[in-house]
Amino acid sequence: LDLYIAAMAYTNLCAGNLHLKLYEDAIKSCDTALAMRSSQWQALNNRGGARYGMGDYDSAIADYIAALFYQPGNVDIATNLEMARRSKRSAMPPEGSQR
């Protein structure tokens, strides 16, 4: 139970940092929560949000997929995943173009 409470505290710290757009701090807090409890889906979702905010769409997508593994059918996570996939597609250069 203590490990669960500590993981939740770091998850909440991550969410606060995410809200303040302190993405690197958010990722560190989520990483700590996940080291304590790898199934902490809220930390995966929040870390995905921080990675999304930094433009790291591939890592955000991976976090959202992992969060859905632990929380299947969660509409908020599924929405975040779709948003990250759309952002990744729009950030890619059109096929055949050079950048």
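A residue is called buried here when its relative accessible area is under 20%. In this predicted model, helix H3 is mostly covered by that standard, with 10 of its 13 residues buried. The buried set in H3 runs through Gln42, Ala43, Leu44, Asn45, Asn46, Arg47, Gly48, Gly49, Ala50 and Arg51.

As for its dimensions, H3 takes in residues 41-53. From first C-alpha to last, the helix reaches 18 Å, close to the 18 Å expected at 1.5 Å a residue. Just past the end of H3, glycine 55 adopts a positive phi of about 85 degrees.

What covers H3? The buried residues of H3 pack against four stretches of the chain: helix H1 (2-19), helix H2 (23-36), helix H4 (57-70) and helix H5 (75-91).

Take the pairing with H2 in more detail. The H2 and H3 axes come within 9 Å of each other and cross at roughly 155 degrees. An angle over 145 degrees counts as roughly antiparallel, and so H2 is roughly antiparallel to H3. The crossing of H2 past H3 is left-handed. On the H2 side, the residues in contact are Tyr23, Ala26, Ile27, Cys30, Asp31, Ala33 and Leu34. Their partners in H3 are Ala43, Leu44, Asn46, Arg47, Gly49, Ala50, Arg51 and Gly53. Several of these H3 partners, among them Ala43, Leu44 and Arg47, also belong to the buried set.

Now for the aromatic rings. The model holds two aromatic pairs. In one, tyrosine 52 and tyrosine 57 have ring centres 5.4 Å apart and planes at 55 degrees, so the pair is tilted. Tyrosine 52 counts as partly exposed because its relative accessibility is 22%. Tyrosine 57 likewise has a relative accessibility of 22% and counts as partly exposed.

The other pair joins phenylalanine 69 and tyrosine 70, with ring centres 5.1 Å apart. Planes over 60 degrees apart count as edge-to-face, and these two stand at 85 degrees, so the pair earns that label. Are its members buried or exposed? Phenylalanine 69 is exposed, at a relative accessible area of 64%, while tyrosine 70 is partly exposed, at 34%.

Note on methods: Residues are numbered from 1 along each chain as its sequence is written. This is a predicted model: local features need pLDDT of at least 70, side-chain atom pairs count only at pLDDT 80 or more; totals for chains, interfaces and linings use all residues. Side-chain values use heavy atoms; hydrogens and water are left out. Rings of Phe, Tyr and Trp (its six-membered ring) pair if their centres lie within 6.5 Å; planes under 30 degrees apart count as stacked, over 60 as edge-to-face and the rest as tilted. Buried means under 20% relative accessible area, exposed over 50%, partly exposed in between (1.4 Å probe, protein chains only). Helices (H or I, at least four residues) and strands (E, at least two) are DSSP runs, numbered from the N terminus. The expected span of a helix is 1.5 Å times one less than its number of residues. Contact means heavy atoms within 4.5 Å. Axes are lines fitted to C-alpha atoms, for helices over the stretch in contact, and angles run from 0 to 180 degrees between N-to-C directions. Angles under 35 degrees count as roughly parallel, over 145 as roughly antiparallel, 65 to 115 as roughly perpendicular and the rest as oblique. A crossing is left-handed if the near helix is turned anticlockwise from the far one by less than a right angle, and right-handed if clockwise.
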